[in-house]
Structure formats: C-alpha cells, structure tokens
Amino acid sequence: MTAGTLRHRNPAAPAPFAARWRALAACRGADLDLFFPDRGESAEPARLVCTGCPVREPCLDYALRLGITHGIWGGLAERDRRALRSGRAGAARRQRDEAIAAAAAAGYSQAVIGRAFGLARTSVSRVLSGGADGRGRS
C-alpha cells in the first residue's frame, strides 16, 4: 500500500475471529446487496433469510460490538439495533449501580468502589445519592 492509498474496510467483511460463525450463516454465498437495501427498499427479503439462521445471535452480537451502522445483521436493521443497544446500555448501567450500592452497603469506601468500577468518587457519590436525574444514573 502506498502512502497516498486509503484502505476502505468493507462492513460486510468479517474480522478473523468472526469467521467461525460466518461459515454456518444462512446468508453464506447470498448476494450481499440483499442485506444492504437502498433507502426505500424493503429489508424483508434479508430478514427472511435471517429467520432460520443458526447463527443469528452471534451475527447480531458482532454488529452490536463493532457498532456497524449499515445493513441487516442478525435479522435487525440499524434502527432496531440502535434501540437494542440503548436497552442493553441501560440494563448494564442498572446492574453496575446495583453492584455499587451493594459494595457501599458492605462498607467499602467510595474511593475503593470508584477504583473497582473505573469511576471518580463523585460519580460513585452520584450513583449512591440517586443520580442527577433521580434514577441512579451517573
């Protein structure tokens, strides 16, 4: 590759670690355009392929972990994945906040809790006091 050449990554090309589940995918060998419909085109044909796919969950997880913003992955379009990501983030935040509360109830200092969770003491304090929005978010 020369200094002036840019390498563009194809979002449909899997990273090496993803190759194992991709070999079992129902979409293997299918026309990739089916999974990247243009604006206004239906995603239903791609969703139908995904319906019976044995690796639908690893496919969806791959797209969520890498933040892929185009195409149908695991049977879901970006709009669907965005909603799922925000729900997962909320659940993870609630679990973290519950663990922080449990550590505080067990007598750990805010400094120790902060180090354990990678948070500043002020963030730990905010979680323990119910957060700025009253729901325990930091």
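**Surface, fold and salt bridges of an all-helix predicted model**

The accessible surface of the protein comes to about 9100 Å², and carbon and sulfur atoms account for 54% of that area. The model is a predicted one. Of its 138 residues, 28% count as buried. Six helices and zero strands are present. Along the sequence the pattern reads α-α-α-α-α-α. Among contacts between residues at least 6 apart in sequence, 42% join residues at least 24 apart.

The surface carries a patch of negative charge. Asp31, Asp33, Asp38 and Glu41 gather there. Asp31 belongs to the loop between helix H1 (19-22) and helix H2 (44-51). The relative accessible area of Asp31 is 52%. Asp31 therefore counts as exposed, since the cut-off for that class is over 50%.

Phe35 is found in the loop between H1 and H2. Its relative accessibility is 4%, so Phe35 counts as buried. Neighbours within four places in sequence set aside, Phe35 is in contact with seven residues that can be listed by name: Cys27, Ala30, Ala46, Val49, Cys50, Gly71 and Ile72. Phe35 and Trp73 are 38 residues apart in sequence. In space, their C-alpha atoms are 7.7 Å apart.

Helix H3 covers residues 56-66. Within this helix, Cys59, Leu60, Tyr62, Ala63 and Leu64 are buried. Just after H3, Gly67 takes a positive phi of about 65°. Ala63, found in helix H3, has a relative accessibility of 0% and so counts as buried. Beyond its neighbours within four places in sequence, Ala63 is in contact with Ile68, Trp73 and Arg81. Ala63 and Gly74 are separated by 11 residues in sequence. The C-alpha to C-alpha distance between Ala63 and Gly74 is 8.1 Å.

Some partners recur across these contact lists. Ile68 is in contact with Ala63, and Ile68 is also touched by Glu78. Gly71 is in contact with Phe35 and with Glu78. Trp73 is in contact with Ala63, and the C-alpha atom of Trp73 lies 7.7 Å from that of Phe35. Arg81 is in contact with Ala63 and shares a salt bridge with Glu78.

Glu78 is placed in helix H4, which covers residues 78-105. Its relative accessibility is 13%. Glu78 counts as buried because the cut-off for that class is under 20%. Residues up to four places away in sequence not counted, Glu78 touches Ile68, Thr69, Gly71 and Arg85.

A search of the whole structure finds five salt bridges. One of them joins the side chains of Glu78 and Arg81, with an N to O distance of 3.4 Å. Glu78 and Arg81 are three residues apart in helix H4, so about one helical turn separates them. Both Glu78 and Arg81 are buried. Another salt bridge links Arg82 to Glu78. Here the closest N and O atoms are 3.5 Å apart. Arg82 and Glu78 are four residues apart in helix H4, so they too are separated by about one helical turn. The burial of these two partners can be set side by side. Arg82 has 46% relative accessibility and so counts as partly exposed. Glu78 has a relative accessible area of 13% and so is buried. Salt bridges that share partners join Glu78, Arg81 and Arg82 into one network.

A further salt bridge is formed by Asp97 and Arg96. The closest N and O atoms of this pair are 2.7 Å apart. Asp97 has a relative accessible area of 11%, so Asp97 is buried.

In summary, the predicted model contains six helices and zero strands. Buried positions include Phe35 in the loop between H1 and H2, Ala63 in helix H3 and Glu78 in helix H4. Glu78 forms salt bridges with Arg81 and with Arg82. Asp31, in contrast, is exposed and belongs to the patch of negative charge on the surface.

Definitions and conventions:
Residues numbered from 1 in each chain as written. Predicted model: local features only at pLDDT ≥ 70, side-chain atom pairs only at ≥ 80, totals over all residues. Heavy atoms only, no water. Patch = residues over 30% accessible without salt bridge, like charges linked within 9 Å, V, L, I, M, F, W, Y side chains within 5 Å. Areas by Shrake-Rupley, 256 points an atom, 1.4 Å probe, with all protein chains shown as cover. Salt bridge = Lys/Arg side-chain N within 4 Å of Asp/Glu carboxyl O. Lys, Arg positive; Asp, Glu negative; His and termini not counted. Charge placed at Lys NZ, Arg CZ, Asp CG, Glu CD. Helix = DSSP H or I, 4+ residues; strand = E, 2+ residues; numbered from the N terminus. Buried < 20%, exposed > 50% of the residue type's maximum accessible area, 1.4 Å probe, protein only. Contact = heavy atoms within 4.5 Å.
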